[in-house]
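Welcome, and please get your viewer ready for a short walk. We will go from one selection to the next and say what is there at each stop.

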Amino acid sequence: MENDFYDLVRTIGGDLVEKVDLIDKFEHPKKKISWEEDVAGASVFADLETTWGGPPLFRSLTHKTSHCYRITYRHTERTLSQPEVQRIHQTVQEAVVRVLGVEGRF
């Protein structure tokens, strides 16, 4: 998935993308594994986690991971304008959600 992100950014931004860095990756720490009953009475597997000191919550095993990237845009012969960079970056954001199927928090 990471390489797909890099490729997508470079495809959209072209030569204006100087570099793409993964600066943070976060996975919520799991407390323990638990079995719970769903509404139909069948057992479903869920991992138990607590949120910000609140009560425990159950979530499915879809295991989400957050990635934070820094994209550096640069033109070799001139200064890029803010609207120019914003257009490229907006296109990247929309494509990441549409093509890679991720949930964006931009």
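Start by selecting Val96, which is buried because its relative accessible area is 7%, under the 20% cut-off. Keep in mind as you look around that this is a predicted model. Val96 sits in helix α2. Now show its neighbours: leaving aside residues up to four places away in sequence, Val96 touches Phe5, Leu8, Gly101 and Val102. For a distance label, pick the C-alpha atoms of Val96 and Asp4, which lie 9.3 Å apart in space although 92 residues separate them in sequence.

**Zoom out to the fold**

Colour the chain by secondary structure next. You should find two helices and five strands, arranged along the sequence as α-β-β-β-β-β-α. If you colour by accessibility instead, buried residues make up 24% of the 106 residues. The chain exposes about 8000 Å², with carbon and sulfur atoms supplying 52% of that area. For a contact map, consider the contacts with a separation of 6 or more: residues 24 or more positions apart account for 50% of them.

**The aromatic stop**

Which residues form one aromatic cluster? Select Phe5, Tyr6 and Tyr69 to see it. You have already met Phe5 as one of the residues that Val96 touches. The count of aromatic pairs in the structure comes to three.

**The charged pairs**

Side chains of opposite charge can pair when their charged atoms come close. How many salt bridges does the structure hold? There are three to visit.

Begin with Glu18 and Arg74, whose side chains meet in a salt bridge at 2.7 Å, N to O. This pair links distant parts of the chain, 56 residues apart: Glu18 belongs to strand β1 (residues 17-27), while Arg74 is in the loop between β5 (65-73) and α2 (82-100). Both ends are partly exposed, Glu18 at 40% relative accessibility and Arg74 at 45%.

Move on to Asp21 and Lys19, another salt bridge, with the closest N and O atoms 3.8 Å apart. Asp21 has a relative accessible area of 26%, so it counts as partly exposed. Lys19, at 39%, is partly exposed too.

Then select Glu84 and Arg78, where the closest N and O atoms of the salt bridge are 2.6 Å apart. Is Glu84 buried or partly exposed? At 16% relative accessibility, Glu84 falls under the 20% cut-off and therefore counts as buried. Its partner Arg78 is partly exposed, at 41%.

**Last stop: the pocket**

Finish by displaying a surface and finding the largest pocket, which holds about 880 Å³ of space. To centre your view, select Thr65, Ser66, His67, Val102 and Glu103, the closest to the pocket centre of the 23 residues that line it. Val102 is a familiar name here, as it is among the residues touched by Val96.

Which element gives the largest share of the lining? Strand β5 does, with six residues. Helix α2 also takes part, as β5 and α2 each supply at least two residues of the lining. That brings the tour back to the helix where it began, the one that holds Val96.

Notes. Residues numbered from 1 in each chain as written. Predicted model: local features only at pLDDT ≥ 70, side-chain atom pairs only at ≥ 80, totals over all residues. Heavy atoms only, no water. Salt bridge = Lys/Arg side-chain N within 4 Å of Asp/Glu carboxyl O. Helix = DSSP H or I, 4+ residues; strand = E, 2+ residues; numbered from the N terminus. Buried < 20%, exposed > 50% of the residue type's maximum accessible area, 1.4 Å probe, protein only. Contact = heavy atoms within 4.5 Å. Areas by Shrake-Rupley, 256 points an atom, 1.4 Å probe, with all protein chains shown as cover. Phe/Tyr/Trp six-rings, centres within 6.5 Å; stacked < 30°, edge-to-face > 60°. 1 Å grid on protein atoms, 1.4 Å probe; cavity = no way out; pocket = protein on both sides within 12 Å on 5 of 7 lines; lining within 4 Å. Points joined across faces, edges and corners; volume = space filled by probe spheres on them.
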